[in-house]
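Got the viewer open? Load the model, pick a plain cartoon style, and let's walk through it stop by stop.

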Amino acid sequence: MGDLIKRHSEFEAICWDAKSRFDPYFKGAFSGVRGSQAKFKDKLIEEARKPDGDLAELDELKAKAETVFASDLTKEHTIPPIMYDDLLGLEKSAVLEKVIVGKDDVDIAAMISKLGNSDWVKQGLGYFETSKPDCPFCQQSTEDSFAASLDDYFDDVYLQDINDIATLASHYEAESDAVLKRLRAIIEASPKYMDCDRFEAEVNGLASTIGNNLGLIEQKRKEPSRIIQLESLQDYLENIANSVSAANSKVVDHNSTVDNINEEKSNLCDEIWRCVVDDTKTSYQAFDKDRSSLEAAIESLQTQIKEKEASKAEKDAELIELEQDIT
């Protein structure tokens, strides 16, 4: 009997050591047995005798426990989706790849073509409006037909293309500002289930690319004949949308937990105890083997004692009967 008591005491210490390691994370699962080594050991033995179940990752259980055992458990709000289709559409604006030059059937067109830079001529036109009839560069007087040729060269079609570039610049800036404002509001709110560092890095990359693209559009305004291709924002925006979607998925799971908190607690407690049992599995198996052997030995001794006591009682009865016969 003493050996069995000693073996229980040794295993009890092992169980309590496990409790000390798991307790900081899983106090809620150990309710009712946290204050007693014997009760904790008995509970672990009870759980060890249950059929095996799926074993969850420890970090996953810790994360669940923070939610399920929280004293101020409340529902979280999902993040509204980011609307960015219009911004991506502006990247494909045809005016960016259009070589915008004046009419080629005007008498001055051959000279401008020879210069190979209608953008320079267009910029000089602004100075000419101030200095005419004198050329702002050579200071020589020009004929009225020269001004008329310039006006014909930069006709309504040209001016419409220039206006289209200005409109694109305005829309691109407005759309990108709206998207970045929305994303920075999300960063400021620091959602509970968002990987905020990764999300902010994506937003910063997006903002930098938008800045570069605005510079390219401005370049197109200054040099309309130049073909411009904007750097696509699609990868950044898709990564951002995926981060929002992943966070929202966790929020949905969290809110489902809140709605079914009692069932969630019960299931989590089962998972935690399976983890503790697995942690002490080798020690438990050794203890259970020794306990079985010692209990079998004790039971055998108790059976022998009972048999001896029965035999003694039988002999005592015979002795009394013999004594009575003698008397």
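A contact, on this tour, means heavy atoms within 4.5 Å. With that in hand, take the whole chain: among contacts between residues at least 6 apart in sequence, 79% join residues at least 24 apart.

Some housekeeping before you click. This is a predicted model, where local features need pLDDT of at least 70 and side-chain atom pairs count only at pLDDT 80 or more, while totals for chains, interfaces and linings use all residues. Residues are numbered from 1 along each chain as its sequence is written, and side-chain values use heavy atoms, with hydrogens and water left out.

**Stop 1: the whole chain**

Colour by secondary structure. You'll find twelve helices and zero strands, with helices (H or I, at least four residues) and strands (E, at least two) taken as DSSP runs numbered from the N terminus. Now colour by burial: of the 327 residues, 32% are buried. Buried here is under 20% relative accessible area, exposed is over 50%, and partly exposed is in between (1.4 Å probe, protein chains only).

**Stop 2: α9 against α10**

Two packed helices are described by the angle between their axes and the distance between the axes. Select 196–222 for α9 and 234–259 for α10: their axes come within 9 Å and cross at roughly 155°. That makes α9 roughly antiparallel to α10. The cut-offs are under 35 degrees for roughly parallel, over 145 for roughly antiparallel and 65 to 115 for roughly perpendicular, with the rest oblique. Axes are lines fitted to C-alpha atoms, for helices over the stretch in contact, and angles run from 0 to 180 degrees between N-to-C directions.

Next, show side chains. From α9 come Phe199, Glu202, Val203, Gly205, Leu206 and Thr209, meeting Tyr236, Leu237, Asn239, Ile240, Ser243 and Val244 of α10. By class, this contact has seven nonpolar residues, four polar and one charged. The classes: Ala, Val, Leu, Ile, Met, Phe, Trp, Tyr, Cys and Pro are nonpolar, Asp, Glu, Lys and Arg are charged, and the others, Gly among them, are polar.

**Stop 3: α11 and its partners**

Select 261–279, which is α11, and add α2: they pack at an angle of about 95°, with axes 9 Å apart. α2 and α11 are therefore roughly perpendicular to each other. On the α2 side, pick Phe40, Lys43, Leu44, Glu47 and Ala48; on the α11 side, Trp273, Val276 and Val277. That contact of α2 with α11 has six nonpolar residues, no polar ones and two charged.

Swap α2 for α3 (58–68). α3 and α11 pack at about 150°, with their axes 11 Å apart. Leu58, Leu61, Lys64, Ala65 and Val68 of α3 make the contact with Ile261, Glu264, Lys265, Leu268, Glu271, Ile272 and Cys275 of α11. The tally for α3 with α11 is eight nonpolar, no polar and four charged.

**Stop 4: the rings**

Rings of Phe, Tyr and Trp (its six-membered ring) pair if their centres lie within 6.5 Å; planes under 30 degrees apart are stacked, over 60 edge-to-face, and the rest tilted. How many aromatic pairs does this rule give? The count comes to eight.

Zoom to phenylalanine 11 and phenylalanine 287, a stacked pair at 4.4 Å centre to centre with 5° between the planes. Phenylalanine 11 sits in α1 (2–26) and phenylalanine 287 in α12 (281–326), so the pair ties together parts 276 residues apart in sequence. Both phenylalanine 11 and phenylalanine 287 are buried.

Then pick phenylalanine 30 and phenylalanine 40: their ring centres are 5.3 Å apart and their planes lie at 80°, so the pair is edge-to-face. Phenylalanine 30 is in the loop between α1 and α2, and phenylalanine 40 is in α2. Add Trp16 and Trp273 to the selection, and you have a cluster linked by ring pairs with Phe30 and Phe40.

**Stop 5: two single residues**

Is lysine 41 buried or exposed? At 7% relative accessibility, lysine 41 counts as buried. Leaving out residues up to four places away in sequence, lysine 41 touches His8, Phe11, Glu12 and Cys15.

Finish at alanine 169, in α8 (156–189). Alanine 169 is buried too, with a relative accessible area of 10%. Again leaving out residues up to four places away, alanine 169 touches Leu214, Ile217 and Arg221. Draw a distance from its C-alpha to that of glycine 215, 46 residues along the chain, and you should read 9.6 Å.
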